[in-house]
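Student: I should like a close look at a single part of this model, a helix and its surroundings. Please describe the helix first and then place it in its wider setting.

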Amino acid sequence: MQPRNMSMSGVVDLAAVKAAGEAKAKAEQVRAEAARQGGSAAVSPSALVIDVDEAGFEREVLQRSAEVPVVLDFWAEWCEPCKQLGPLLERLAVEYNGRFLLAKIDVDANQMLMQQFGIQGIPAVFAVVAGQALPLFQGAVPEAQIRETLDQLIQIGEERFGLTGIVVDADADEAAPAAQPAGPYDALLEAALTALDAGDLGGAVQAYKNVLADDPAHPEAKLGLAQAELLQRVQDLDPGVVRKNAADNPADVVAQIAAADLDLVGGHVQDAFGRLVETVRRTAGEDRDAARLRLLELFEVIGADDPRVTAGRQALARVLF
């Protein structure tokens with residue numbers, strides 16, 4: 001998907017939808033195919049709000065937009081206005097009862113999507129209707145204005161594209177059994193720890209990946225994998241050589257990334273974060289992305305609740321935006 005560079009000032013004029021005829025025909029084809037396969041099942045109210053990343057964008061947003069308008073909430077943990085707008089949008093998604101789907105996108109973890117949509121600041125809210133991207137508003141705007149925008153969005157979805165929303169089963173959340181782990185992971189986690197104790201970092205990495213293949217959000221496995229991969233990266237490094245290269249070549253992104261890894265392993269957390277934030281500040285393109293992504297990986301090693309990570313995210317935001 002290649003979103004246009006669109007103005008973000010005020011509420012979008014939804015009558016300016018591009019290629020409406022083609023998009024409507026495509027949406028009708030998708031709905032017809034779904035009908036042939038038995039139609040879309042009713043969803044629970046909790047399924048009206050989803051987290052979306054770059055890998056799932058086509059499936060969760062573009063394809064779903066053929067049956068329901070999808071509202072995109074671009075946010076970040078360090079963004080204070082996002083903390084006000086996000087819960088409001090989530091409440092409205094449930095209140096509107098399937099007339100739109102809310103997809104939340106963490107810009108720290110999905111920089112490519114942020115760039116594709118031309119976002120300069122957050123919170124930023126877009127919609128995708130029958131595959132067409134529309135800017136809605138930027139910032140924490142009043143609830144009355146948000147409702148007006150959503151009403152316009154739903155109206156245009158119905159009139160131009162025949163989108164009637166998705167069916168919601170209000171009892172589904174209550175009737176559903178309590179979520180259970182995807183599988184018994186004690187053996188795999190124990191295998192990872194055993195491998196770490198034996199110095200088999202490759203074995204530990206694979207054991208954690210085996211858990212995450214079934215349960216991508218498993219917190220212990222995510223943390224363990226980040227730590228094992230960090231140790232694997234530094235195990236063959238010569239600290240003296242790495243630090244000399246970083247000191248002699250401040251513009252060398254590879255050298256700065258390696259030095260940041262060593263900083264973190266040595267317990268110099270703020271030094272590692274500061275080094276990579278500075279590298280992001282003075283680079284561009286692929287070099288900037290490499291430094292930013294490594295910084296996000298190091299955040300995972302320390303954990304989101306650590307105040308040093310919060311400060312690091314804020315520092316990263318200042319140089320990015």
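Tutor: The account below begins with one helix and moves outward to the cores, a hairpin and a disulfide.

This is a predicted model, in which local features need pLDDT of at least 70 and side-chain atom pairs count only at pLDDT 80 or more, while totals for chains, interfaces and linings use all residues. Residues are numbered from 1 along each chain as its sequence is written, and side-chain values use heavy atoms, with hydrogens and water left out.

Helix α14 covers residues 307-320; helices here are DSSP runs of H or I with at least four residues, strands are runs of E with at least two, and both are numbered from the N terminus. Its 14 residues reach 20 Å from the first C-alpha to the last, close to the 20 Å expected at 1.5 Å a residue, where the expected span is 1.5 Å times one less than the number of residues. At the N-terminal end, Asp306 caps α14 through a side-chain oxygen 2.8 Å from the backbone nitrogen of Arg308.

The buried residues of α14 are Val309, Gly312, Arg313, Ala315, Leu316, Ala317 and Leu320, buried meaning under 20% relative accessible area with a 1.4 Å probe and protein chains only. An α-helix has 3.6 residues a turn, so residues three or four places apart point the same way. The buried residues of α14 pack against α4 (111-116), α12 (269-281) and α13 (285-302).

Leu320 also belongs to a nonpolar core of 28 residues, which includes Val253, Val277 and Leu296; such a core is a set of buried Ala, Val, Leu, Ile, Met, Phe, Trp, Tyr and Cys residues joined through side-chain atoms within 4.5 Å. Apart from that core lies the largest one, with 29 residues, and Phe57, Phe74 and Ile119 are among those with the most contacts inside it. Elements giving two or more residues to the largest core include α4 and β4. Ile119 touches Phe74, Met114, Ala124 and Phe126, leaving aside residues up to four places away in sequence; contact means heavy atoms within 4.5 Å.

Strand β4 (residues 124-129) runs antiparallel to β5, joined by six bridges, and strands pair if DSSP finds at least two bridges between them. The two form a hairpin with two residues between them, where Ala130 in the turn has a positive phi of about 50°. Six of the seven residues of β5 (132-138) are buried.

Finally, Cys79 and Cys82 form a disulfide with sulfur atoms 2.4 Å apart, the cut-off being 2.5 Å. The link is right-handed, with 80° about the S-S bond.

Technical notes: Buried < 20%, exposed > 50% of the residue type's maximum accessible area, 1.4 Å probe, protein only. Polar contact = N/O pair within 3.5 Å; in protein donor to acceptor, adjacent residues only side chain to side chain.
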